[in-house]
Amino acid sequence: MRYSWAIGTALLWAIAPSFAKLGLSTGVPMTIGTFIALAVTLPFLYGMATLMGNRPRLWGVDRNILLASLASGILNALATLSYFIALNLELVSVVVAVSCVANPLVAMLVVRLFFKEEKLSRQVVVGTVLAITGTIIIVS
Amino acid sequence: MDATTLNFYSLVPGAVMMLLIGVVAGDAGSLSSLGVVGLAYLAAAGVTEYFLGRVFYFVSLREVGLARTTPLTNLSVLLAPVAAVFLVREAVTPKLAVGLGLVFVGVFLLTRRPGSQ
């Protein structure tokens, strides 16, 4: 039961790209499609945060939080835009697989660049080789 | 500040920026002629990915921790093609299935912390 939340997450994140592809196939421009996908979520998040007693404020928010939100929001929107463009060009399975591989690989690269003391374990090396091999098979 | 509030704060500038890019690119006119079906699918994509998916993810982090949550959420690599078969009529070829299997095992190993069960 405790694991059902993680499995539910996987299920939701697996369905979302197909919905996006179906939406984009109606001829909606990528920028507007991305805007809709992001904007529609805002009332839900606002409601959820309010229910949890943390109603988002428009003024008086800590400057560091605002700057971090601005940076992550812009990067997240650009990532969603490129994800939608990829979905419009390729199969859902291919896009999901490539993005799923790129995420931990880039994170690992960043960790290696900025935290040099962290060593690569055999598990990580084997995982990297398998993930890259799988990606090559998929996109070839 | 909790994750949902932070998520809200980060999505606001992203949505605004996308609208501005859409306006500059001359795409904003399509908003008035947007069909209900397209709008519904895109809204469903946003809500499942950025609202429900993240809420489930954060609850899972609280319940079982990052070490168990991350590898399990990677099941989406295997579930997405299944969803695509039913929703967008995509075919899963043997080559794609082999590649997806390798990607799943590889990403599982990459995201699994040593010592986690």
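Contact is taken here to mean heavy atoms within 4.5 Å. In this predicted model, local features need pLDDT of at least 70 and side-chain atom pairs count only at pLDDT 80 or more, whereas totals for chains, interfaces and linings use all residues. Residues are numbered from 1 along each chain as its sequence is written, chains are lettered from A and ligands numbered from 1 in the order in which they are written, and side-chain values use heavy atoms, with hydrogens and water left out.

A good place to start is A:Val92. Not counting residues up to four places away in sequence, A:Val92 touches A:Pro17, A:Ser18, A:Lys21 and A:Leu87, and on the other chain B:Ala80, B:Ala84, B:Val88 and B:Glu90. A:Val92 also belongs to the largest nonpolar core, which has 40 residues; together with A:Leu38, A:Phe84, A:Leu87 and B:Met18, A:Val92 touches the most other members. Such a core is a set of buried Ala, Val, Leu, Ile, Met, Phe, Trp, Tyr and Cys residues joined through side-chain atoms within 4.5 Å, where buried means under 20% relative accessible area, exposed over 50% and partly exposed in between (1.4 Å probe, protein chains only). The largest share of this core, 8 residues, is supplied by helix 2 of chain A; helices (H or I, at least four residues) and strands (E, at least two) are DSSP runs numbered from the N terminus. Apart from this core lies another, of 14 residues, including B:Leu96, B:Leu100, B:Val103 and B:Leu110.

Turning to the interface, 78 residues of chain B are in contact with 82 residues of chain A. The two chains bury about 7300 Å² between them, 79% of it on carbon and sulfur atoms; this buried area is the accessible area (1.4 Å probe) that two parts lose on being put together, summed over both. B:Met18, B:Leu42 and B:Leu110 supply 10% of the area that chain B buries against chain A, more than any other three residues. Between the chains there are 0 salt bridges (a side-chain nitrogen of Lys or Arg within 4 Å of a carboxyl oxygen of Asp or Glu).

A:Thr31 offers a closer view of the interface. This residue is found in helix 2 of chain A and is buried, with a relative accessible area of 8%. Leaving aside neighbours within four places in sequence, A:Thr31 is in contact with A:Leu81, B:Met18, B:Ile21, B:Gly22 and B:Asp27.
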